[in-house]
Amino acid sequence: MADGSGSVGVRVPDPGADDRQGERREDSGHPDPPPGTDGSGALARGRRYLGRFTLPGSWGALILACLSFTPSLLPRGGFLQGLVWGITASIGYGLGVWAAAIWRAFADRPPRPARRRSWQLFAVVAVVLLVGSFAAGQYWQHQIRALMGVTEYNVALAVASPLIAAIVFCLLVAMGRGIRNLYHWVGALLRRWIGARAAAVVGWALVALLVWWVVSGVLLSGLSSLANEAFSVKNGTTEEGVEETTSGLRSGGPGSVVPWDTLGYQGRNFVAGGPTPSEITEVVGRPAEEPIRTYAGLESADSSEARAVLAVDDLERAGGFQRKNLLVMTTTGSGWVDPAAVDAFEYLTDGDAATVTMQYSYLPSWISYLVDQSKAREAGRDLFDAVYDRWSKLPQDERPNLYVAGESLGSFGGETAFSGEYDLRNRTSGTLFAGPPNFNTLFTEFREGRDAGSLESEPTYKDGRTVRFTSDAAAGIPPAQQSWDGSRVLYLMHPSDPIVWWSPDLIFSEPDWISEPPGHDVLEDMVWMPFVTFWQVTADLPFSTGVPGGHGHHYTTEYVDGWNAVLQPDGMTDADLDRIKSAVAGE
């Protein structure tokens with residue numbers, strides 16, 4: 001097209017043009033008059049700004065909104081469905097606006113207001129599709145709840161989900177328009193000194209950098225600081241019913257080099273918990289020892305390395321290196337240790353066991369992943385290195401069997417002490433990781449390097465010679481036909497665990513695990529869709545432990561069968577395992 005100077009130019013697609021056209025009066029197609037000339041003023045213009053949407057954007061929002069009702073890994077309540085609905089609809093709106101802008105660029109024409117009949121058609125189709133999608137979504141959610149044995153269902157929140165979605169959608173669209181308006185303002189300012197095309201490119205770059213800085217540098221940092229302060233307060237408290245230990249075999253007890261008041265909330269729970277010798281004997285029917293548990297909290301020392309050394313000093317003081325079995329456990333973000341993981345280990349070893357671990361953060365795992373990843377990595381490496389240094393200096397025939405374990409972010413930290421399969425095999429007697437996050441270094445290496453023909457949801461790596469994967473160790477650990485000699489490394493991962501399967505790659509690419517036959521607690525109707533599946537699985541993350549054991553990110557009695565496979569204890573019968581499972585589950 002010709003520009004004002006008579007030269008030939010190229011129209012640059014403006015995704016905001018259609019949106020701005022929707023903010024103009026439909027009767028004339030001209031911009032709103034300035035305040036005071038139309039009798040309505042800024043308030044009326046504000047209502048038109050918020051209430052007008054483009055037709056292409058609305059179609060995009062409708063399509064993705066309907067797709068948001070498709071099933072994901074876990075049951076979704078009304079609030080969560082409204083949140084996913086609003087987010088995906090806003091993404092669809094933006095994609096619709098962009099698609100219209102690109103089409104206009106090829107057609108070389110400006111935006112035009114949609115006809116009234118077009119909006120009427122859209123309204124009818126929207127009502128039909130949304131009602132049908134909502135009904136189908138409720139049916140799918142009922143099926144998922146049935147698969148997992150979930151009986152809780154809040155009808156009020158389900159009814160309120162459209163309102164929640166509308167609020168989220170309007171807020172996100174308003175934010176998008178605000179960013180667009182900021183870009184136009186910056187572009188206009190830059191055009192005073194540089195050409196229009198350069199101003200457009202530089203303007204987008206500056207606005208993108210500003211948004212990134214606000215989100216990552218200000219918003220995320222501020223929320224992290226607030227969360228850290230809030231959880232640090234909890235860390236200084238003690239759970240009701242937990243009393244200071246009187247055992248010299250526990251950190252914080254008589255003779256311990258780690259004071260009780262420095263252990264933190266989760267540390268005090270850990271050292272005060274676990275089965276007693278009489279409880280172990282009652283379950284397994286054999287004489288048992290009192291298990292050793294040592295722990296170092298954030299307040300116990302000033303650095304990760306110092307906490308690791310302190311925890312190992314306490315382990316040595318309590319006689320941990322004289323036990324038959326020694327477990328190095330990496331905690332989750334808040335310092336939590338899953339009681340089922342350690343209790344099962346202690347039952348299966350008749351109490352002839354010592355466990356050492358330490359805290360590296362106040363924050364829950366999902367927040368720690370965002371802001372404290374390096375701390376988990378450092379803690380896992382420092383703790384194992386401190387233990388291994390003392391262990392390796394013992395006479396070979398006096399060394400305890402050395403095991404490693406971790407759940408969720410704990411598995412991420414636990415992996416960092418090792419370079420790969422051979423390192424795990426050569427420096428440990430066995431390893432058990434549960435619910436490994438998709439970003440784990442070794443888990444990713446083993447999963448992506450799996451043998452040809454094996455599934456991503458239950459891969460086989462190097463014929464299962466050292467590393468194996470299972471969702472249910474009691475049902476079998478493939479490949480069953482291959483020998484599993486030497487140190488055993490086992491990953492427990494539920495098919496419905498979003499921690500295991502969440503990845504940013506879900507935005508644009510379909511993972512193999514979705515196209516494979518679904519696991520026992522995943523609906524066959526789950527399919528991958530760009531953007532939609534990512535937000536669905538993302539929404540599953542905070543609620544991944546709020547489902548019954550054996551599903552999602554809730555691992556309990558699976559630890560019994562998992563440790564049984566790794567430890568290979570002598571004389572353990574199915575009846576023994578059933579009794580241990582009942583004890584671990586608190587039945």
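A cavity here is a set of points, on a 1 Å grid over the protein atoms alone, where a 1.4 Å probe fits but cannot get out; lining residues have an atom within 4 Å of a point. Grid points are joined across faces, edges and corners, and a volume is the space filled by probe spheres set on the points. The model is predicted, with local features needing pLDDT of at least 70 and side-chain atom pairs pLDDT 80 or more, while totals for chains, interfaces and linings use all residues. Residues are numbered from 1 along each chain as its sequence is written, and side-chain values use heavy atoms, with hydrogens and water left out.

Let's start with the cavities. There are two of 30 Å³ or more, and the second largest comes in at about 40 Å³. Its lining is made up of Arg 76, Gly 77, Gly 78, Gln 81, Phe 134, Gln 138, Arg 145, Tyr 153, Ala 158 and Ser 161. Helices H4 (78-107), H5 (116-148) and H6 (155-190) are the elements that each give two or more of these residues, and H5 gives the most, with three. Helices (H or I, at least four residues) and strands (E, at least two) are DSSP runs, numbered from the N terminus. By class, the lining has three nonpolar, five polar and two charged residues; Ala, Val, Leu, Ile, Met, Phe, Trp, Tyr, Cys and Pro count as nonpolar, Asp, Glu, Lys and Arg as charged, and the others, Gly among them, as polar.

Now for the strands. Two strands pair if DSSP finds at least two bridges between them, and E3 (residues 353-358) has these partners:

| Partner of E3 | Bridges | Sense | Residue opposite Ala 354 |
|---|---|---|---|
| E1 (residues 292-296) | five | parallel | Ile 292 |
| E2 (residues 325-330) | four | parallel | Leu 326 |

To get from E2 to E3, the chain goes through helix H11 (residues 339-348) in a right-handed β-α-β crossover (with the strands pointing away from the viewer, the path from the first strand over the helix to the second runs clockwise).

How many residues of E3 are buried? Six of its six are, where buried means under 20% relative accessible area with a 1.4 Å probe, protein chains only. One side carries Ala 353, Thr 355 and Thr 357, and the other Ala 354, Val 356 and Met 358.

Last stop: Ala 386, in helix H13 (residues 373-392). Ala 386 counts as buried because its relative accessibility is 15%. Beyond its neighbours within four places in sequence, Ala 386 is in contact (heavy atoms within 4.5 Å) with Ala 308, Val 309 and Val 312. Ala 308 is 78 residues away from Ala 386 in sequence, yet their C-alpha atoms are 6.3 Å apart.

Key
1 Å grid on protein atoms, 1.4 Å probe; cavity = no way out; pocket = protein on both sides within 12 Å on 5 of 7 lines; lining within 4 Å. Buried < 20%, exposed > 50% of the residue type's maximum accessible area, 1.4 Å probe, protein only.
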